[in-house]
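Visitor: Before we look at any single part, I would like to hear how the descriptive words used for a model such as this one are justified.

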Amino acid sequence: MMPQVDRLVAELKGVAASRRGGSVRAADGASLTLGGLAPRARLGDLIEVERRGRGPLEGEIVALRDGMAVAMTYAPAEGVGLGDRAWLRSDPGLRPCDKWIGRMVDAFGRPIDGRPLAQGAAAIPLRRPAPQAATRRALGGRLATGQSALDTVLPLARGQRVGLFAGSGVGKSTLLAQLARDMETEVVVLALIGERGRELREFAENALGKEGRKRSVIVTATSDESPLVKRRAAWTAMAAAEHFRDQGKQVLLLFDSLTRFAEAHREIALTAGEPPSLRAHPPSTAHLIAALAERAGPGPSGPAGDITAVFTVLVAGSDMEEPIADMARGILDGHFILDREIAERGRFPAIDLRRSVSRVLPGVASPAENQLIREARRLTAAYESVLPMIQAGLFKTGADPEADAAVRVQPALDAFMAAPAPLGCEESFERLAKALSGARAGGAEGDA
């Protein structure tokens, strides 16, 4: 009983002794203008509008101007009329707990899987600053991911934050599900922002599976929900990851997608009156993405764990120079690019080795392993440079020993990149060495 009593006491303390009321002065399809809430209203405050003949409508203040508050709502504003009463509400915060593991919740921490509500005793803020840079640990050791390419050539270290850049239909969701099932971690937090509603259950039950679900928390806001809800779901997922990190757990945050998060913020910011700049993204977008990403990473010194994060970025037409992709590349500790041409020829994960980078190398690999990584990258680049000649029937062996070695080793290297890695990083490097041995053996025969 005591945890329930403590939770009730905490909730009662959050109830305001009085509340401030105002009314709707103007309304359009995107926002409500509310009078009478100043000077108490603050940016980010929650509001509740009493619609005549309909239920209450909740929302959030996104701008203050000329004594008025501009608010957006969590649901469509149909039925709102001029003069409807509007009230300021306190934000109850978020109450994650261990019982969230294996569950699916919405942006407010409410269950959407048909099971009872589970909440912790203490509320935590949705938006908290990242740990102080001077107090954070360094990145940890290499993690086993279950994927040969990510165990070797593009390693992930404990506390690293990487971007997974992909267009639609190239295996992004499948790779995330495989990482959730197989990666070396204790808790997985999945943020699914702006996904199609029909795909949610399919992803949870089929792609993620029972093994992935039992150690995962899924936080979701579907594509039809308000941009406020999508943005809040991102912060909810990050706050949940921080909760488990602060318990000393190693956390894997899979965030899909950073692009939908930025698009939701763009709609909110433009409604609030912020001027558009880079392809209609407001200037605050770069800071928003950086502030979110910085909350992940190595934990502060002491008993806290770490948050290893994979943020997906949607790149239309493989345009790596579009604003969100460009911002993410500069903020994160590496970028893995999924290529449509590789996917179309049936190799998954369709990682473009030549254009992908993990910024923890060479530190997380031994000298011998780094040598294998350099050789794999060099031969991949050499093969791609002569591929147009091969396709045109113009390539002839004997002219360039490096190109000959690259062509010889390509089938084995391609098969290695697609193979699972259930036995860990050391075994993956042994298989990589075997795949590359064809280039060395061929070279020796040619010299003889």
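Guide: What follows is a short conversation about a predicted model, taken helix by helix and then residue by residue.

Visitor: How do you know that the length of α7 agrees with that of a helix?

Guide: Helix α7 holds twelve residues, 284-295, and at 1.5 Å a residue, counted over one less than the number of residues, these should span 16 Å; the end C-alpha atoms are 17 Å apart, which agrees.

Visitor: What puts the buried residues of α7 on the same side?

Guide: The buried residues of α7 are T285, L288, I289, L292, A293 and R295. They cover an arc of only 160 degrees around the axis, and therefore lie on the same side of α7. In an α-helix there are 3.6 residues a turn, so residues three or four places apart point the same way.

Visitor: What covers the buried residues of α7?

Guide: The cover includes the strands β8 (161-166), β11 (251-256) and β12 (307-314), together with the helices α5 (227-246), α6 (258-271) and α8 (323-331). After α7 comes G297, with a positive phi near 110 degrees.

Visitor: Why are α5 and α6 called oblique to each other?

Guide: They pack at an angle of about 135 degrees, with their axes 8 Å apart. Roughly antiparallel would need an angle over 145 degrees, and roughly perpendicular one of 65 to 115; the angle of about 135 degrees fits neither, and α5 and α6 are therefore oblique. Their crossing is left-handed.

Visitor: Which residues of α5 and α6 meet?

Guide: From α5 come P227, L228, K230, R231, A234 and W235, which meet F261, A264, H265, E267 and I268 of α6. Among the buried residues of α6 are F261, A264, H265 and I268. The 14 residues of α6 should span 20 Å at 1.5 Å a residue, and the end C-alpha atoms are 20 Å apart, which agrees. Just after α6, G273 takes a positive phi of about 100 degrees.

Visitor: What makes E322 count as buried?

Guide: The cut-off for buried is under 20% relative accessible area, and E322, at 11% relative accessibility, therefore counts as buried. E322 is placed in the loop between β12 and α8. Leaving aside neighbours within four places in sequence, E322 is in contact with R279, V313, L314 and V315.

Visitor: Why is P367 called exposed?

Guide: Exposed requires a relative accessible area over 50%, and P367 has 70%, so the word applies. P367 belongs to helix α10, residues 367-392. The C-alpha atoms of P367 and D106 are separated by 46 Å, the two residues being 261 residues apart along the chain.

Technical notes:
Residues are numbered from 1 along each chain as its sequence is written. This is a predicted model: local features need pLDDT of at least 70, side-chain atom pairs count only at pLDDT 80 or more; totals for chains, interfaces and linings use all residues. Side-chain values use heavy atoms; hydrogens and water are left out. Helices (H or I, at least four residues) and strands (E, at least two) are DSSP runs, numbered from the N terminus. Buried means under 20% relative accessible area, exposed over 50%, partly exposed in between (1.4 Å probe, protein chains only). The arc is that of the directions from the helix axis to the C-beta atoms. Contact means heavy atoms within 4.5 Å. Axes are lines fitted to C-alpha atoms, for helices over the stretch in contact, and angles run from 0 to 180 degrees between N-to-C directions. Angles under 35 degrees count as roughly parallel, over 145 as roughly antiparallel, 65 to 115 as roughly perpendicular and the rest as oblique. A crossing is left-handed if the near helix is turned anticlockwise from the far one by less than a right angle, and right-handed if clockwise.
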